[in-house]
Amino acid sequence: MKADYKNWMPRGLIFGNAAVSSAFLTMGLLCRRKARKPALRLISTLGFTFAGVGFLSSAYLLMLYRIFSYKGKRKLAKHIIDGVAAQIKIPAGGRGLDVGCGSGALTIAAAKRNPEASFVGADRWGREYASFSQKLCEDNARAEGVKNVHFLRADARELPFPDESFDLVTSNYVYHNIPGDRQALLRESLRILKKGGRFVIHDIFYPSAYGDMQAFLKSLQDEGYAEVRLIPTADGLFVKKCEARWMMIADSALLMGIK
C-alpha cells in the first residue's frame, strides 16, 4: 500500500471548468447555425469567447495539477511540504498541531522528522477538497509506517483545544483559503501554543487578504514573542521567483517564531 496525498488542484475543478467551457462552445455553434438574427450572432460570439477563455483556464489548471502532483516530474507539492517540515523541530515528548492537514502530508512529514514527538492533524475536510478526508490521512499514515500521528475534524476559526496545549503549530497553504480576518485566524492558532512553543506557518500572504503583516509581526514582538520573522519562499527557497509569479503564489512565505 502506498500513500496517496492527492493533489492541491482538485480534478473536479478542472473537469467542471472544461464542462462549462464545452457548454459555451456548444451554445456558440448552435447559435451560429441560426445567426441571421443579430441577437443570435451576439450569443454565438459570447459563447465562443467564454469557451475560449474557459479552455485556456482549464489548460492552466491542468498544468498546475501536473506540477503539484506527487507522481509527476516536478513534484512541487512534495518539495514544499518537505521544505516546511524541515523547519519543524520538537523536543522528545512534545506535541504538534497541523492546522488544515488535508491529506496528512505535512503532519506525516513532520512526524517522520520528529519520531519522539506526537502530532495532531486537524481539518474540516470540506466540499472544496472532496477527495481529502480523515480516513485518507489515516491510510496515508499507515502506508508510511508513521504511528505518532492522530487526525481529527476541526475548524481553524475555532480550534477545539484549550489555551497553551501544543508545543508547535504548523500549517501549509490553508489560511488564505478561509474567508474572513486572516490575522484573527493566526491568533487562534497561536492561542493553543504553550509558552516557549514554536510556530511554522506557510501561506500566501496576500496583502489584500492579510493586511499589514509587518504591523502584525511588530504586535507579536511587543507581546513578548521571540524570533518572529516572515521568510519569503517564492524567491528560490521553495519555488523559483519567475515560476511563482505565473502560478500566483509570489507572496508565499513562512511565518515563524517562538511564543
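Reader: Leaving aside its neighbours within four places in sequence, which residues is Thr233 in contact with?

Author: Happy to start there, with the note that this is a predicted model. Thr233 is in contact with His202, Phe238, Val239, Ser252, Ala253 and Leu254. Thr233 itself is found in the loop that runs between strand 6 (226-232) and helix 9 (241-246).

Reader: Is Thr233 buried or exposed, and how do you know?

Author: The relative accessibility of Thr233 is 0%. Buried means under 20%, so Thr233 counts as buried.

Reader: And what makes Asn114 buried or exposed?

Author: Asn114 has a relative accessibility of 7%. The cut-off for buried is under 20%, and Asn114 therefore counts as buried. Its place is in the loop between helix 4 (105-113) and strand 2 (118-123). Beyond its neighbours within four places in sequence, Asn114 is in contact with Ile88, Lys89, Ile90, Phe119 and Asn148.

Reader: How far is Asn114 from Glu128, in sequence and in space?

Author: They are 14 residues apart in sequence, and 30 Å apart in space, C-alpha to C-alpha.

Reader: Now the cysteines. Why is there no bond between Cys101 and Cys137?

Author: The closest cysteine sulfur to that of Cys101 is in Cys137, at 4.1 Å. A disulfide needs the two sulfur atoms within 2.5 Å, so this pair is too far for a bond. Looking from the other side, Cys137 has its closest cysteine sulfur in Cys101. By this rule the count comes to 0 disulfides.

Reader: Are those two cysteines buried or exposed?

Author: Cys101 has 6% relative accessibility and counts as buried. Cys137 is buried as well, with a relative accessible area of 0%.

Reader: Which other residues of helix 5 are buried, and what covers them?

Author: In helix 5 (residues 134-144), the buried residues are Leu136, Cys137, Asp139, Asn140 and Ala141. Their cover includes helix 4 and strand 3 (149-153). After helix 5 comes Gly145, with a positive phi near 70 degrees.

Reader: Why is helix 3 described as largely enclosed?

Author: Because 7 of its 10 residues are buried, helix 3 is largely enclosed by the rest of the structure. The buried ones are Leu76, Ala77, Ile80, Ile81, Gly83, Val84 and Ala85. Among the elements that cover them are helix 2, helix 4, strand 4 (166-172), strand 5 (193-204) and strand 7 (252-258).

Reader: On to the rings. How many aromatic pairs are there, and what makes Trp8 and Phe68 a tilted one?

Author: A search of the whole structure finds 9 aromatic pairs. Trp8 and Phe68 are 5.2 Å centre to centre, with 45 degrees between the planes. Centres within 6.5 Å make a pair, planes under 30 degrees apart are stacked and over 60 edge-to-face, so an angle between those limits is tilted. The pair links distant parts of the chain, since Trp8 sits in the segment before helix 1 and Phe68 in helix 2, 60 residues apart. Phe68 is buried, at 8% relative accessibility.

Reader: Then why is the pair of Tyr129 and Phe132 called stacked?

Author: Their ring centres are 5.3 Å apart and their planes are at 15 degrees, so the pair is stacked. The two rings' residues also have their own labels: Tyr129 is partly exposed at 30% relative accessible area, while Phe132 is buried at 10%.

Reader: Which residues form one aromatic cluster with Trp8?

Author: Phe68 and Tyr173 join Trp8 in one aromatic cluster.

Reader: What lies closest to the centre of the largest pocket, and what is its volume?

Author: The volume of the largest pocket is about 1100 Å³. Of the 42 residues that line it, Tyr129, Tyr173, Val174, His176 and Asn177 are the closest to its centre. By class, its lining has 29 nonpolar, 7 polar and 6 charged residues. Helix 2 supplies the largest share of the lining, 3 residues.

Reader: And what makes up the lining of the second largest pocket?

Author: The second largest pocket has a volume of about 590 Å³. It is lined by 29 residues, and Asp4, Tyr5, Lys6, Asn7 and Tyr70 lie nearest its centre. The classes here are 14 nonpolar, 4 polar and 11 charged. Helix 4 gives the most to this lining, with 5 residues.

Definitions and conventions. Residues numbered from 1 in each chain as written. Predicted model: local features only at pLDDT ≥ 70, side-chain atom pairs only at ≥ 80, totals over all residues. Heavy atoms only, no water. Buried < 20%, exposed > 50% of the residue type's maximum accessible area, 1.4 Å probe, protein only. Helix = DSSP H or I, 4+ residues; strand = E, 2+ residues; numbered from the N terminus. Contact = heavy atoms within 4.5 Å. 1 Å grid on protein atoms, 1.4 Å probe; cavity = no way out; pocket = protein on both sides within 12 Å on 5 of 7 lines; lining within 4 Å. Points joined across faces, edges and corners; volume = space filled by probe spheres on them. Nonpolar A, V, L, I, M, F, W, Y, C, P; charged D, E, K, R; others polar. Phe/Tyr/Trp six-rings, centres within 6.5 Å; stacked < 30°, edge-to-face > 60°.
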